[in-house]
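Student: May we study this structure together through questions and answers?
Tutor: Certainly; please look at the sequence and the structure first.

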There are 2 protein chains.
Amino acid sequence: MEKALEVKLQDGKKSEVLVANDIKDLSHHLSSYGGNVLWVFDRNSASLFTSLPDQNVVLEPGEIHKGWRSIEIILSAAVEYGLARDSIFIGFGGGVICDMTALASSLYMRGARLVLVPTTLLCMVDASVGGKTAIDFSNAKNLIGSFYPAEEVLICTDTLRTLPENEYRSGLGEVVKHAFLTKNDDLYKFMMDNHEKIMARDRATVSEMVKLSIAVKAEFIEKDPTEKKGIRSFLNLGHTFAHALESSGNFSSFSHGKAVAWGISRALELGVLMGVTEESYQKKCDELLRKYKFDIDYRIGRGDWISFYQALGKDKKKLSGEVKFVLMKGQGEPFLSPVDISLLKKVVITYYR
Amino acid sequence: MEKALEVKLQDGKKSEVLVANDIKDLSHHLSSYGGNVLWVFDRNSASLFTSLPDQNVVLEPGEIHKGWRSIEIILSAAVEYGLARDSIFIGFGGGVICDMTALASSLYMRGARLVLVPTTLLCMVDASVGGKTAIDFSNAKNLIGSFYPAEEVLICTDTLRTLPENEYRSGLGEVVKHAFLTKNDDLYKFMMDNHEKIMARDRATVSEMVKLSIAVKAEFIEKDPTEKKGIRSFLNLGHTFAHALESSGNFSSFSHGKAVAWGISRALELGVLMGVTEESYQKKCDELLRKYKFDIDYRIGRGDWISFYQALGKDKKKLSGEVKFVLMKGQGEPFLSPVDISLLKKVVITYYR
C-alpha cells in the first residue's frame, strides 16, 4: 500500500488515503488489523470475494436500502459479535455501504473505529473521503447523518474492473467537478489527455486520476471540515440541481455522477445568464463534459417542474429557508448565491429552450 | 438568566450553563430565540405549560421509549416544520428527552443547533451537560449515540417543584458522586450542612448545589470531552454496577441515581477489599450516602448473579473485552482498574455477606 494523502479534519482527526497495487496488496493490509472487526458489504461488493471474512454483514444493494433499517442490521451484528469501542467497522462497497457503515460506526458506543474500502469510482473520489455519513430520510437524500472521518480509506482500482459502465461514468461526474473546482489545471489536463486510458480503466492511469481528484476534495474539506464556513459547500457544485433531479425521479432515473455533471452544466449556464460566470470558462467545462459524453443537453419536461422545484426546497444545504446555489466565476472560483427562479427555470426546462 | 458556567468541549465547541431565577425568567429567555425552533417534550414536561409553544413534539415518557422510533418522530417533525441546519432543537424534559433531542439534533442535516432545558435534578447535574447523546439499543442502555454538546443548558429549579420524590432523590445520587470525585470539599460540605433545605427543595440552596455539582462534572469533561483519555470515564464511578443492576432488572427496579449511589458504595467497598481504597474515605462517603438515605445495604440475590454478570459485559465502557471499573484511592482520586470476580461477587451478592 502506498500512502497517497493525509486529510486533516475536525478535532485533530485525520484520514489517511492509501492506494493498493492490486487486490492481493489490499487483502494483505486488511488482514493486518488486530482486534475485533466487523465487515459490511452489499451483495455486489461481497461478490468480489470467493469466501467472505468472518464477522460480516451483507446488505441488499441500492439507495432504497439506505435507511435506518440497514443501520440497525449493522449495529445488531456489532452487538452480536461483541464489538467494543476500539473495534473496527470496515465498510467495503460503494457510497451507500460506506456512508452507512460510517454512520453506524459513529453511533456505536458513541464512536468506534472506521476503515472504508470504496469499490466504486464515485465512492473513491467522493463519499469515502471527508467524513460525511448518511442515510436517506423522509424521501430526502442524506438528510440524516454525522461527520465521522474514516481513519483509513483504502483505494484499490482493481475493484473497478467489474463495475458496470454506467456506474463508472457516474464516478467520472464527480471527477470532472473536482477538475473545475480547483485553480490548478492538472486534473483538467489529465482528463483531456488520457481519455482513452481512463475509459479503458487502465490501472495506473485511474489510480493517478483518483489521487488528483481526492487532492482537490481535500483542499476544500481541510478548510471547513464540518461545513460551517461555506467553503466545503463549494463541493456541492451541481448538487442542488442533481439532488432535485434525483429526488423528483425517486433517486433512480439518472445516476448520481451523471446528475451532478448535468447540474454543473446547468449551474454554469445559469451563471452566464446571470452575468457572473465567464463564458470562456463555461465553454471549457462543457468541452470536457462532452468529451466524456455527459448528457448536458437534457432538460426536464414542463410537467415535472413542480416536483423538481419542491425537491429543491428539501435540499439539506438550505439555511433558514433560502436555497443557495454554488456558482462559478471562473476556474477555481466558486461562490454561493441565491438565484432568480425565472432564470433557473430557463436552464432546466425544455419549454424555455 | 445568570451565566453560571462555560464548559469547553471538543472541536472548539462550548456549552453555556445559564440559571434562571424562576419560570418567568426562563420563558423570557426561551422566547428570545429567533428563527425556526422545534420543541421536544414528553407528557410529563409538557404538563408544566398551560399552553404549549408552536412546533412541538410530545413523546411518551419513560426509558422504554428511548429508542429509534422516538428519534424518527422528532426528525419527522423537524422535516414537517421545515427546519434548516441553523434551526434550534429545544429538548425540554428529563434525561431521556434531553439525550434523544440531542441525538436527533446531531443527526438532522448532520447537526442542527441544540438547547437543553433539563427539568429533573438528574438531568440538570448529569445528562444535559457534557454532550453525550443516546438511545438504548438491543437491551443495552445508551449503546447508540454521539457527542454533541448543547450550545446552552438552561437550569430553572422551579421545574423541580412537581418532580416526584423518588426522582429528586435519584438526582441526588449523581450529586453525591460529584461530591466524592473532586479534590475540593465544597460540595461534600454543602450537602452535609444543607440536608434539610436540599430535601425541601429550597430554590436558592438547590441552585447553588446544582452549580457546584456541574462544576465538578465540567472539570472532568473539559480534560477529555470525547472520553478518549480515560479521564472523563471517572464520571462513571458507580455506573458499571448501576447499569448492570438496571439492565438485569430491565431498567426499572432501581432509579438511576439510586443505582449509582448503590454502585458507588459497592465500588468503595470493593476498593477496600482490594486494598486500594482508604477506609476512612469509604466511611466518609458512606456517611453522606446514609444521610441522604440511599440503600447502600441492598444486595442482589444469588439467583440474579448470572444476569448481573452478563449485563456487566454489555457495559459500553468495555474496551476489547476487559471491563474496567472506576475505583477510588481517596477524595478526588479516581482510577480505572480491572477487578477480581470473586471479590466483585462478595460486594454485590447477599450470599457472601
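**Helix crossings and chain symmetry**

Tutor: In chain A, the axes of helix α10 (residues 239-248) and helix α13 (residues 305-313) come within 8 Å and cross at roughly 125°. Helices are DSSP runs of H or I with at least four residues, numbered from the N terminus. Axes are lines fitted to C-alpha atoms over the stretch in contact, with angles from 0 to 180 degrees between N-to-C directions. This is a predicted model, in which local features need pLDDT of at least 70 and side-chain atom pairs count only at pLDDT 80 or more, while totals for chains, interfaces and linings use all residues. Residues are numbered from 1 along each chain as its sequence is written, chains are lettered from A and ligands numbered from 1 in the order in which they are written, and side-chain values use heavy atoms, without hydrogens and water.

Student: Is α10(A) parallel or oblique to α13(A)?
Tutor: Angles under 35 degrees count as roughly parallel, over 145 as roughly antiparallel, 65 to 115 as roughly perpendicular and the rest as oblique. The crossing is at roughly 125°. Therefore α10(A) is, relative to α13(A), oblique.

Student: Which residues of α13(A) make the contact?
Tutor: Contact means heavy atoms within 4.5 Å. From α10(A) come T240(A), F241(A), A244(A), L245(A), S247(A) and S248(A). Their partners on α13(A) are S307(A), F308(A), A311(A) and L312(A).

Student: How many residues of the contact of α10(A) with α13(A) are nonpolar?
Tutor: Ala, Val, Leu, Ile, Met, Phe, Trp, Tyr, Cys and Pro count as nonpolar, Asp, Glu, Lys and Arg as charged, and the others, Gly among them, as polar. No residue of this contact is charged and four are polar. The number of nonpolar residues is six.

Student: Is Q282(B) buried or exposed?
Tutor: Q282(B) lies in helix α12 (residues 279-291) of chain B. Leaving aside residues up to four places away in sequence, Q282(B) touches L268(B), E269(B) and V272(B). Buried means under 20% relative accessible area, exposed over 50% and partly exposed in between, with a 1.4 Å probe and protein chains only. Because its relative accessibility is 13%, Q282(B) counts as buried.

Student: What relation superposes chain B on chain A?
Tutor: Copies are superposed by least squares on the C-alpha atoms of residues with pLDDT of at least 70 in both. A rotation of 180° with 0.1 Å of shift along its axis brings chain B onto chain A, with an RMSD of 0.0 Å. The relation is therefore that of a two-fold axis.

Student: Which residue of chain B comes closest to the rotation axis?
Tutor: The distance is taken at the C-alpha and is 2.3 Å. The residue is D11(B).

Note on methods:
Helices (H or I, at least four residues) and strands (E, at least two) are DSSP runs, numbered from the N terminus.
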